[in-house]
Every structure is written in C-alpha cells, then in structure tokens.
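Visitor: Hello! I am new to this one, so could you show it to me and walk me through it?

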Amino acid sequence: MSHKVLMLPGDHVGPEIVAEADKLLRCLASEFGLAVELEYANLGGCGVDAEGAPLPDSTLALARDSDAALLGAVGGPEWDYIERDKRPERGLLAIRAALGLFANLRPALLDPELVNASSLRPEVVSGLDILIVRELTGGIYFGQPRGIRTRADGVREGFNTLVYGVDEIERIGRAGFEAARRRDGRLCSVDKANVLESSELWREVMEGLAGEYPDVSLSHMYVDNAAMQLVRDPRQFDVMVTGNLFGDVLSDCAAMLTGSIGMLPSASLDETGRGLYEPVHGSAPDISGQGIANPLATLLSVAMLLRFSLDEGELAQRVERAVARVLADGLRTADLGGGQGQSVGTAAMGDAVVAALRAQAN
Ligand SMILES: NC(=O)C1=CN([C@@H]2O[C@H](COP(=O)(O)OP(=O)(O)OC[C@H]3O[C@@H](n4cnc5c(N)ncnc54)[C@H](O)[C@@H]3O)[C@@H](O)[C@H]2O)C=CC1
Ligand SMILES: CC(C)CC(=O)C(=O)O
Ligand SMILES: [Mg+2]
C-alpha cells in the first residue's frame, strides 16, 4: 500500500526547499521502491491569499487523511499586520493542535565536515549530538486568556497565559525519558521553576516520572543557565526536555552549533507516530526568491518522516548518508560559509543529494 505524504510548501523559502524534498521523495520512489503518493496543500500566508485562511479546512482534511506531512515554513512581513487569527503562524499552531502533535523532536547533530562552520570552537563542539524534546501544543503559545486590551488608566497591555496541566507534562516527560532511554540515558529537564508555578509543577511531575525510568538519569536546569551552557559546553547534554517557548528558543540556539539554522530538522509527533516534519527555521523572507536557502534541514526532515511515520528506517539512513556525502564532497550553501570553490544554491544542493542517493542504488 502506498504511503500518503502531504506536502505543505508554505511561504517565502518554503516552496524553494520543499521542491528539493519533492525531488528526493520521487528518487526514493523510482530508485528504491518507496511507495509514496504526494499531495500538495496550502498552509500559512499562501492559504490566506488563496483560500482566506492560514489553515484551510481542505488542508486539515488532507492532513488527517495522510500518513505524514512535510512543511517548508510559513510567514512573512506581508501578513504580519493582518487580522490576528489569519496570520500564517496561527495556521501552523492550529494544525499542530488539531493533529495533536505534542512532541517536537529537534536533533542538533554536528556533521564532522561542518566542524569549522559551527559557532563554537572544534574542541568544544566536535561530535555534538543533542536531542531537544519540546512540548508543542501547550504552554504560553496556546494559553487563554490572551490578547491586547486597554487598562482603566488608558494604557494598552498585551497579555498571554502560561499554563501546563499534569497530563501535558506527563506525556512530554515520557517522550523525553523514552528518547533518553534509546540514547545515552541522560535527560535534562529545562524550566524556570525558581519563578514560574507552571515550571514548579513541571519539575514535580518530571521527578515523579523518574522512578519509572531507573535507567535514565534525570537532572534539572533553569532555562537561562541552559541557554548559557548550550554555548559554553553543549556536549554535556544528551536529551533536553522542555516547554513550548523555551524549546523554541533553545533549538534555534542549538542550530548554530551545527553550523547553520539551515541544518536542523524536526519531527512533530502525536501519540501514534503520525507526524508533521519541518526544518526548525522560518520562511527566511530576507533571502527568499534568490535560490540560496539551505535545503538540508528539509531533506533531513524527510529522513525523520521516513523513520518515524513511514517505518522506512533504512531509507532514512540512505538520505542521511547522501547528505553526509555532499558535505564530505565540499558542497556548501551560503549560510555554511560557501564552499572552497563549491558554493551552491538551493537546487544544486538538492540535486547533489539526489545524485548521492542515486549513487547508492548502483
Ligand atoms: N516553522 C515555521 O514556519 C516558522 C516560521 N517563522 C516565520 O518565518 C518568518 C521569518 O522569521 P525569522 O525570525 O526571520 O526566522 P527565520 O528562521 O526565517 O530566519 C532567521 C535567519 O536565518 C536565515 N535562514 C533561515 N533559514 C535558512 C536556510 N534554510 N538557509 C539559509 N539561511 C536561513 C534567514 O535568512 C534569517 O537571516 C516570520 O514570519 C516567522 O514568524 C519563524 C520560525 C518558524
Ligand atoms: C510559529 C512559531 C511558533 C514557529 C516556530 O518558531 C517554531 O515552531 O520553531
Ligand atoms: Mg522557532
């Protein structure tokens, strides 16, 4: 039976990088027998422009009917000041919530070839392999009430609510413990329990779960220290588990340790393993239309899609090997500093990965 994958190019560089994922999936189908059907739909600003909503009903229906979805990125300045509920980012939050994608896995892995592209010195970062497990459907991005109102003294104020229930903390906590169990057995829970009640409860629940995972060593760290430790000595971490906002910020930070935000893939999973896969970066409006965006985070997201939602672990490894091959061959997009005579754009990088994949078939 054929797997159904929904492609959501989104906005700005989104379509440019998803075009490379399309090539890759079609190569996996033609050369390696992957049974896959690709469908396309609008999410984000393109949904607003074409169908009047950042998450059109038709897109959600297709997503529910698919085995997995691949997103480029959404958003851009042209939609920043439209009616709040229609903004592209609301569409992304809405699809994550509607599909129950509470577990966001963001691996920060430094390819040995990129050791000099990292923001950190080789002796601090070489061999880096961290997994950030971010809660994705709760916390301050979703808490009610929220809005902008006018106080009695006439001054406007913006407000949001940070709330986490024990049920939400337990399920993401378990995802963190399970991930740590499959890796090096070290889980660092990141919170702000010295100030926030939601974090106080978070810490209490994590401690409660620890007894069920005697093979995992649990530690706690405040988020401000965690940000500092990530750039001081990132290899102290194995798995980090944290809330929605903290995970969003820490994963962009971790991205630079791997050479570029254009390198970090992600998987957003529900309870059953169905998922939405996307690069960690946004729609990069500052470089869109130039054909220079790094497509590797998106291609590595395809690898995660193959592994987690299609149960095609061997093909996932082939994709990861193909990416490693082009980096070993010296190809670099501009964000990686360009190559020594091998500076390539989005399409050329995508083509090179497809060629490296095809070479594995011969
Ligand atoms: N998952 C999503 O769809 C996300 C969407 N956004 C949206 O994207 C828009 C732009 O947000 P920013 O804060 O500028 O973050 P961004 O991640 O789009 O860009 C930050 C910087 O990284 C660079 N960059 C990002 N991806 C790159 C790639 N693949 N190759 C080379 N360079 C890359 C950009 O050129 C920019 O200088 C906003 O509308 C924001 O809301 C932001 C984050 C995630
Ligand atoms: C709409 C934002 C929450 C997207 C983002 O920055 C992310 O998920 O990393
Ligand atoms: Mg982000």
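**A walk through the model**

Guide: Welcome! This is a predicted model. Let us begin with Leu276: leaving aside residues up to four places away in sequence, Leu276 touches Ala69, Leu71, Ile95, Arg96, Leu99, Leu101 and Ser268.

Visitor: Is Leu276 buried or exposed?

Guide: Leu276 belongs to strand β12, residues 275-277. A residue counts as buried when 20 or more other C-beta atoms lie within 10 Å of its own. Leu276 has 28 such atoms within 10 Å, so it is buried.

Visitor: What distance separates the C-alpha atoms of Leu276 and Met304?

Guide: Along the chain, Leu276 and Met304 are 28 residues apart. In space, their C-alpha atoms are separated by 9.8 Å.

Visitor: Which elements do the buried residues of α4 pack against?

Guide: Helix α4 covers residues 88-98, and its buried residues are Pro88, Arg90, Gly91, Leu92, Ile95 and Arg96. Ile95 and Arg96 are also among the residues that Leu276 touches, and Leu276 lies in β12. The buried residues of α4 pack against α2 (45-51), α3 (57-64), β11 (267-269) and β12.

Visitor: Which residue with a positive phi follows α4?

Guide: Helix α4 runs over residues 88-98. After it comes a residue whose phi is near 65°, and that residue is Gly100.

Visitor: Now the helices α8 and α9, please. Are they roughly parallel or roughly antiparallel?

Guide: Helix α8 spans residues 223-232 and helix α9 spans residues 244-257. They pack with their axes 10 Å apart and at an angle of about 10°. Angles under 35 degrees count as roughly parallel, so α8 and α9 are roughly parallel.

Visitor: How many nonpolar, polar and charged residues are in the contact of α8 with α9?

Guide: From α8 come Val223, Ala226, Ala227, Leu230 and Val231, which meet Phe246, Leu250, Cys253 and Ala254 in α9. By class, the contact has nine nonpolar, no polar and no charged residues.

Visitor: Which residues does the UniProt annotation "binding site" cover, and why do they gather at one spot?

Guide: The annotation comes from an unreviewed UniProt entry and covers Asp224, Asp248 and Asp252. They span 29 residues in sequence, yet they gather at one spot, because no two of their C-alpha atoms are more than 14.4 Å apart.

Visitor: Are Asp224 and Asp252 buried or partly exposed?

Guide: Asp224 sits in helix α8, while Asp252 sits in helix α9. Asp224 has 13 other C-beta atoms within 10 Å, and Asp252 has 15 C-beta neighbours inside 10 Å. A residue needs 20 or more to count as buried and 12 or fewer to count as exposed. Asp224 is therefore partly exposed, and Asp252 is likewise partly exposed.

Visitor: What surrounds ligand 2?

Guide: One residue here is Asp248, which the UniProt annotation "binding site" also covers. Another is Val280, which Asp252 touches. The shell divides into three nonpolar, no polar and two charged residues. Ligand 2 is surrounded by Glu89, Leu92, Tyr141, Asp248 and Val280.

Visitor: Which residues come nearest to ligand 1?

Guide: There are 21 residues around ligand 1. By class, they are 10 nonpolar, seven polar and four charged. Those that come nearest are Gly75, Gly262, His281, Gly282 and Asn294.

Visitor: Where is there a cis peptide bond?

Guide: Look at strand β6, residues 143-150, where Pro145 is found. Omega is about 0° at the cis peptide bond, which joins Gln144 and Pro145.

Visitor: What is the phi of Ala284, and what is the phi of Asp311?

Guide: Ala284 is found in the loop between β12 and α10 (296-308), and it is buried, with 24 other C-beta atoms within 10 Å. Asp311 lies in the loop between α10 and α11 (313-328), and it is partly exposed, with 13 such atoms within 10 Å. Each has a positive phi in a residue other than glycine: for Ala284 it is near 40°, and for Asp311 it is near 55°.

Visitor: Last stop, Asp238. Which residues is it in contact with?

Guide: Asp238 has its place in the loop between α8 and β10 (239-242). With 18 C-beta neighbours inside 10 Å, Asp238 counts as partly exposed. Leaving aside neighbours within four places in sequence, Asp238 is in contact with Ala180, Arg183, Asp184 and Arg186.

Definitions and conventions. Residues are numbered from 1 along each chain as its sequence is written. Chains are lettered from A and ligands numbered from 1 in the order in which they are written. This is a predicted model: local features need pLDDT of at least 70, side-chain atom pairs count only at pLDDT 80 or more; totals for chains, interfaces and linings use all residues. Axes are lines fitted to C-alpha atoms, for helices over the stretch in contact, and angles run from 0 to 180 degrees between N-to-C directions. Helices (H or I, at least four residues) and strands (E, at least two) are DSSP runs, numbered from the N terminus. Angles under 35 degrees count as roughly parallel, over 145 as roughly antiparallel, 65 to 115 as roughly perpendicular and the rest as oblique. Two residues are in contact if their C-beta atoms, placed from the backbone, lie within 7 Å. Ala, Val, Leu, Ile, Met, Phe, Trp, Tyr, Cys and Pro count as nonpolar, Asp, Glu, Lys and Arg as charged, and the others, Gly among them, as polar. A residue is near a molecule or strand if its C-beta atom, placed from the backbone, lies within 6 Å of it. UniProt positions are given in the numbering used here, feature names are shortened, and annotations may be inferred rather than shown by experiment.
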